[in-house]
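Please read this report alongside the sequence and the coordinates. It goes through selected local features in turn.

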Amino acid sequence: MHASLQIFSHICAHNKPWISPLKTHDLKSLFSIALTATSIHLFSSLCLYHYLSLPTSLCLALSFSLSAPQPPSPNPMPKNSKVTQREQSHEHVTESVADLLAHEEPFDYKNSSLNVGGAAGKKVPQIEVPENDGRPAWNSKLQYILAQVGFSVGLGNVWRFPYLCQKNGGGAYLVPYFILLLIIGIPLFFLELAVGQKIRRGSIGVWNYVCPSLGGIGMSSLMVCGFVGLYYNVIIGWSIFYFFQSFQYPLPWSECPIRRNGTLAIVEPECDKSSATTYFWYRQTLNTTSTIAESGGLNIKMTLSLLVAWIIVCLAVIRGIASSGKVMYFSSLFPYVVLFCFLVRGLMLKGSVDGIAHMFTPKLEKMLEPQVWREAATQVFFALGLGFGGVIAFSSYNKIDNNCHFDAVLVSVINFLTSILATLVVFAVLGFKANIMNEKCVVDNAEKIVGYLNSNVLSHDLIPPHVNFSHLSTSDYAEMYGVIKTVKEGSFAQLGLEPCLLEDELNKAVQGTGLAFIAFTEAMTHFPGSPFWSVMFFFMLINLGLGSMIGTMTGITTPVLDTYKVQKELFTVCCCIIAFFCGLLFVQRSGNYFVTMFDDYSAGLPLTVVVILENLSVAWIYGTKRFMQDLEDMLGFRPYKIYFYLWKYVSPLCLIVLISATVIEMAISPPGYNAWVQELAQERFQSYPPWALAMCFALIVVAMLPLPIVFIARRFNLMSDGSNKLSVSYRKTMMKDISNLEEQDEARFILGSKPGEVPSSVPTRKNYLTPGGTKPLDPNSLSPNSCYGTSYQNAAISPTTPTTPTTPATPESDS
């Protein structure tokens with residue numbers, strides 16, 4: 001028996017069983033040795049120690065099968081088996097244990113994520129393509145790109161970016177925007193894509209893995225997604241209402257309604273004081289109240305529109321990416337078709353060139369204003385959907401070797417070019433509208449002048465002889481206006497004449513709902529075939545909003561489904577039902593003011609905090625060098641070194657400045673909203689009442705509350721780090737890390753440095769290094785406070801497998 005043990009030790013030390021595929025003659029030796037009960041026990045113990053290489057059940061089955069008499073196999077070994085090939089061929093054939101037991105194709109343990117050592121001198125990569133762990137995957141790379149584009153390109157590209165261009169210096173605004181896109185947008189977008197693709201989890205699982213103490217990042221992202229989804233879908237509901245209203249000729253917002261009082265017909269006073277499109281928006285669509293304190297009850301039309309919007313979103317995301325991926329083919333591509341059609345049509349309109357020239361005329365002095373850079377950084381930040389969790393969720397369904405760097409650059413460039421395209425369309429149409437309004441101004445004021453001439457308030461000598469009132473041009477009116485203003489300098493203000501300058505019309509800045517539902521709709525009333533263009537425009541808005549809502553809902557459902565075992569379809573339906581009832585707050589008659597409140601307070605500051613913590617947890621806690629090495633292993637190439645400095649220094653500094661500027665802006669700007677005053681037929685700024693002000697700050701606090709709660713709970717071990725929720729791919733990745741042993745450590749672990757020496761109860765493992773590479777971490781003293789992802793190594797073992805193997809009994813001596 002003692003001699004058998006010595007032979008067995010010799011084989012273990014030199015042939016490294018269970019680490020490299022076994023040779024046939026080695027197996028024969030092992031078979032004869034394992035016939036004794038003690039050797040069987042030792043054989044099983046070895047398997048238990050090397051659970052990273054062979055499952056326990058397989059080891060036990062093999063050991064007991066070796067001790068029992070083996071009847072002759074009724075079925076001969078297949079001709080294509082490795083044993084048959086070895087007998088019939090002189091070529092080198094490698095068999096594994098699986099070949100001999102199951103007569104199946106060999107499993108490549110050298111390249112498997114379960115391999116402990118591998119061939120001598122061969123570097124074992126840290127990350128390999130995991131086997132299918134049941135996680136859904138994109139059908140194609142195009143589907144994934146369209147999903148990311150659909151999420152990042154949203155309503156903000158159409159009604160926020162053009163407004164910022166108009167407000168912040170036209171073409172000069174593009175310079176700071178593009179610079180900040182390069183130093184903030186693309187690096188952080190790349191970072192989110194990379195962590196989602198590597199860890200293959202939603203936002204909660206990703207940040208639990210990177211740093212359990214900062215696991216609240218994912219929960220805060222989920223909270224913000226919930227807040228944004230509530231009011232964002234209300235905007236889709238508004239677009240759905242306008243879409244169905246567009247199937248009329250003339251359009252219902254093209255003219256003011258007529259009020260009849262007996263035989264007398266008068267124009268609706270509220271509409272007459274404002275405009276037909278403004279009246280239709282505030283009175284017939286929203287039926288808004290004059291203050292946020294006046295609820296006014298539910299708006300039935302908007303409630304039904306919201307219900308339709310949530311049904312559409314539910315159907316799009318109910319089966320995860322299996323359904324939303326197919327929707328993206330249309331919802332992501334159709335807006336570009338509409339934008340190009342509007343651009344071609346807009347360039348054919350009178351005055352469109354004036355609008356485009358106004359946009360691209362740079363006001364370089366604006367670039368020196370800090371406010372311009374702050375707003376450019378904010379727009380870059382929200383345009384790419386950073387911090388929402390949708391980017392991470394979408395990338396988690398990718399293959400682990402997907403080139404996410406290319407994806408980050410491609411999607412960012414597409415987003416930027418889409419903003420430029422949308423701005424061209426908007427300013428072409430607004431240039432046409434400005435010319436229409438300027439001509440109307442000239443006609444109205446010319447009628448005033450004719451009245452003053454007929455009543456002898458003005459002398460006919462003031463009118464240039466070449467002026468023809470029946471065909472009055474803007475240049476003729478400008479000349480006549482200048483003469484009258486010079487001569488009647490003292491009493492000119494009493495005449496009530498307006499200058500009617502095209503520049504003034506182009507400088508009227510509109511954004512958000514004012515641009516989409518008032519300015520743009522008014523311009524379309526002057527289009528030939530206006531109902532067709534209106535249907536196309538609002539259908540485009542629905543698709544833009546739907547693409548963003550799919551990403552927002554994925555940012556909510558994916559982390560929860562990854563963390564808890566719930567039915568996907570049932571959970572999605574429940575989320576949409578709850579969201580619809582919560583969204584009733586926004587379809588009251590005062591709901592428009594709550595949309596503004598949530599837009600201003602629920603996402604801005606919390607998302608900025610979330611993103612800077614994401615940046616810091618990867619660059620400073622997980623380690624930028626370590627993250628760069630992970631990217632090299634994952635992508636097959638090392639990213640540009642500039643990313644190291646951007647992630648570690650530039651992006652955090654820019655985000656800190658952005659947070660400071662946002663807090664200062666919120667402190668100096670009085671919190672309030674623009675209320676529609678029916679008697680005046682115009683908007684007036686009003687401050688929030690105390691309860692509404694408390695609600696504003698509650699949105700910020702609730703969105704950021706998971707950050708300190710999770711940090712404190714895990715610091716004091718009051719909350720699990722979530723390691724029991726890890727997937728197979730998680731476990732395989734971590735097993736690669738904890739199983740990269742040195743060759744001498746393996747030999748010493750198996751039987752000790754000398755034959756017959758009892759192995760220690762805990763295998764020697766390679767020390768983990770901090771990002772600096774100096775301080776080793778003890779993998780056996782892991783806690784949720786560890787921020788290097790190593791607290792998940794125990795999840796590599798099945799929950800039923802003991803984390804510390806039992807020390808095997810000392811083999812009995814023959815003597």
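The sections below treat the disulfides, a long helix, the loops and a surface patch of this predicted model.

## Disulfides

The structure holds two disulfides. In one of them, Cys256 and Cys271 are paired with their sulfur atoms 1.8 Å apart, and the torsion about the S-S bond is about -80 degrees, so this disulfide is left-handed. Because Cys256 lies in the loop between H12 and E1 while Cys271 belongs to helix H13 (residues 269–273), the pair ties together parts that are 15 residues apart in sequence. The two partners are covered to differing degrees, since Cys256 is partly exposed with a relative accessible area of 23%, whereas Cys271 is buried with a relative accessible area of 1%.

The other pair consists of Cys441 and Cys500, whose sulfur atoms are 1.9 Å apart. Here the torsion about the S-S bond is about -75 degrees, so this disulfide is left-handed as well. The pair links distant parts of the chain, with Cys441 in helix H20 (residues 404–454) and Cys500 in the loop between helix H21 (474–487) and helix H22 (502–506), 59 residues apart. Cys441 is buried, at a relative accessible area of 12%, and Cys500 is buried too, at a relative accessible area of 10%.

## A cysteine outside the disulfides

Which cysteine sulfur is nearest to that of Cys574, a residue in no disulfide? The nearest is that of Cys575, which is 7.2 Å away; because a disulfide is taken here as a pair of cysteine sulfur atoms within 2.5 Å, that distance does not qualify. Cys574 counts as partly exposed, at 36% relative accessibility. Cys341 likewise counts as partly exposed, at 31% relative accessibility.

## Helix H20 and the residue that follows

Helix H20, which contributes Cys441 to a disulfide, has 51 residues and reaches 74 Å from its first C-alpha to its last. This span is close to the 75 Å expected at 1.5 Å a residue.

Just after H20, Asn456 takes a positive phi of about 60 degrees, a positive value in a residue other than glycine. Most residues other than glycine have a negative phi, and most peptide bonds are trans. Asn456 lies in the loop between H20 and H21 and is exposed, with a relative accessible area of 65%.

## The loop between H12 and E1

The loop between helix H12 (216–245) and strand E1 (258–261) is the place of Ser246. Is Ser246 buried or exposed? Ser246 is buried, with a relative accessible area of 0%. Leaving aside residues up to four places away in sequence, Ser246 touches Leu251, Trp253, Pro531, Ser534, Val535 and Phe538, so that its contacts include residues with numbers in the 500s as well as Leu251 and Trp253.

The loop between H12 and E1 also holds Pro250, and a cis peptide bond joins Tyr249 and Pro250, with omega of about -5 degrees. Cys256, the disulfide partner of Cys271, lies in this loop as well.

## The loop between H14 and H15, and a nonpolar patch

In the loop between H14 and H15 is Asn287, which has a positive phi of about 50 degrees although it is not a glycine. Asn287 is partly exposed, with a relative accessible area of 28%.

Leu298 has its place in the loop between helix H14 (276–285) and helix H15 (300–317), and at 45% relative accessibility Leu298 counts as partly exposed. Together with Ile300, Leu304, Leu307, Ile311 and Leu315, Leu298 makes a nonpolar surface patch of about 580 Å². An α-helix has 3.6 residues a turn, so residues three or four places apart point the same way.

## An approach between distant parts of the chain

Ala519 is found in helix H23 (residues 512–524) and is buried, with a relative accessible area of 6%. Which separation does the model give for the C-alpha atoms of Ala519 and Thr277? These C-alpha atoms are separated by 7.8 Å, while the two residues are 242 residues apart along the chain.

Definitions and conventions:
Residues numbered from 1 in each chain as written. Predicted model: local features only at pLDDT ≥ 70, side-chain atom pairs only at ≥ 80, totals over all residues. Heavy atoms only, no water. Helix = DSSP H or I, 4+ residues; strand = E, 2+ residues; numbered from the N terminus. Buried < 20%, exposed > 50% of the residue type's maximum accessible area, 1.4 Å probe, protein only. Contact = heavy atoms within 4.5 Å. Patch = residues over 30% accessible without salt bridge, like charges linked within 9 Å, V, L, I, M, F, W, Y side chains within 5 Å. Areas by Shrake-Rupley, 256 points an atom, 1.4 Å probe, with all protein chains shown as cover. Salt bridge = Lys/Arg side-chain N within 4 Å of Asp/Glu carboxyl O. Expected span 1.5 Å × (residues − 1).
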